[in-house]
Amino acid sequence: KRDLDRYANLARTEYATQQQADTQKTVVAQLVAQVAGDQAAIDNAKAVLDYATIRAPLAGRTGIRMVDQGNLLRASDATGLVTITQIQPIALLYNLPQQHLRAVQQAMARGPVPIEARDADNVTILDTGVLDVIDNQVDQTTGTVKLKARFENSTQNLWPGQFVNTHMI
């Protein structure tokens, strides 16, 4: 590009021919096109690598893998490679007798309702969270309503599928 600028200045002052300036302009255009082609090849290689790399859609903890090295995999396989479960934050689902539903609704209207998740001894507090959602219907077979609480689980004391005792404050 510097040579092109020099030849253009020389051609204007007639110390070089216009043909030399045009030739240099063509060389610059060829080199710019070559760089663009190389960048396209780099972008294509990145796209191919993206198809070859498996990325998790969320951060969490993996379970036991469901395939081994050497197994043949397809995108349409229903089993997948591994199950990933989100640990932080974690949700806790529990049931509440319908008789207490009104009191919980009133407490939620006043602000966040703290929830304690306790161990099987019903004394050790594993984590403290807040009530997120009250289900929109009562289960007629059990007379209970489902509640969902959210815990940050920074110490990872809560685990997916774990049974805990809940205390609503």
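Two strands are said to pair if DSSP finds at least two bridges between them. In this predicted model, strands E4 (residues 114–118) and E5 (residues 125–139) meet that condition, pairing in the antiparallel sense over five bridges. They belong to an open sheet of five strands, arranged in the order E3-E6-E5-E4-E7 with antiparallel pairing. The points below treat the sheet, its strands, the helix across it, its salt bridges and some notable backbone angles.

**The sheet as a whole**

- Strands of a sheet pair through backbone hydrogen bonds, and the pairing may be parallel or antiparallel.
- In the order E3-E6-E5-E4-E7, the pairing is antiparallel.
- E3 and E7 stand at the edges with a single partner strand each, so one side of each has no neighbour in the sheet.
- On average, neighbouring strands of this sheet are turned by 40° against each other, direction ignored.

**Strand E4 and its two partners**

- Is strand E4 enclosed or open? Four of its five residues are buried, so E4 is largely enclosed by the rest of the structure.
- The cut-off behind this reasoning is that a buried residue has under 20% relative accessible area.
- On the E5 side, alanine 117 has aspartate 127 as its bridge partner.
- The hairpin of E4 and E5 has six residues between the strands.
- E4 also runs antiparallel to strand E7 (residues 165–168), to which four bridges join it.
- Which residue of E7 is the bridge partner of glutamate 116? The partner is histidine 167.

**Strand E3 and its partner E6**

- In a regular strand, the side chains alternate between the two faces of the sheet.
- Strand E3 (residues 90–97) shows such an alternation of side chains.
- On one face of E3, the side chains of Ile90, Leu92, Tyr94 and Leu96 are buried.
- Ala91, Leu93, Asn95 and Pro97 point to the other face of E3 and are not buried.
- E3 pairs with strand E6 (residues 144–151) in the antiparallel sense, over eight bridges.
- Within this pairing, tyrosine 94 stands opposite leucine 147 in E6.
- Proline 97, for its part, stands opposite threonine 144 in E6.

**The helix across the sheet**

- Which strands does helix H3 (residues 101–110) lie across? The helix lies across E3, E5, E6 and E7.
- H3 runs at about 115° to E5.

**Salt bridges**

- How many salt bridges does the structure hold? There are four.
- One of them joins the side chains of glutamate 116 and arginine 118, at 2.5 Å from N to O.
- Both glutamate 116 and arginine 118 are buried.
- Another salt bridge brings together the side chains of aspartate 132 and arginine 150, at 3.3 Å from N to O.
- Aspartate 132 lies in strand E5 and arginine 150 in strand E6, so this pair ties together parts that are 18 residues apart in sequence.
- Arginine 150 also forms a salt bridge with glutamate 152, and here the closest N and O atoms are 3.6 Å apart.
- Asp132, Arg150 and Glu152 are thus linked in a network of salt bridges.
- Each member of this network is partly exposed: aspartate 132 has a relative accessible area of 33%, arginine 150 has 34%, and glutamate 152 has 48%.

**Notable backbone angles in the loops**

- Where is proline 89 placed? Its place is in the loop between strand E2 (84–85) and E3.
- The peptide bond from glutamine 88 to proline 89 is cis, with omega near -10°.
- Asparagine 122 lies in the loop between E4 and E5.
- Although asparagine 122 is a residue other than glycine, its phi is positive, near 65°.
- Is asparagine 122 buried or partly exposed? At 34% relative accessibility, asparagine 122 counts as partly exposed.
- Glutamine 156 is found in the loop between E6 and E7.
- Glutamine 156 is not a glycine either, yet has a positive phi of about 55°.
- With 32% relative accessibility, glutamine 156 counts as partly exposed.

Definitions and conventions:
Residues numbered from 1 in each chain as written. Predicted model: local features only at pLDDT ≥ 70, side-chain atom pairs only at ≥ 80, totals over all residues. Heavy atoms only, no water. Buried < 20%, exposed > 50% of the residue type's maximum accessible area, 1.4 Å probe, protein only. Helix = DSSP H or I, 4+ residues; strand = E, 2+ residues; numbered from the N terminus. Axes fitted to C-alpha atoms, helices over the stretch in contact; angles between N-to-C directions. Contact = heavy atoms within 4.5 Å.
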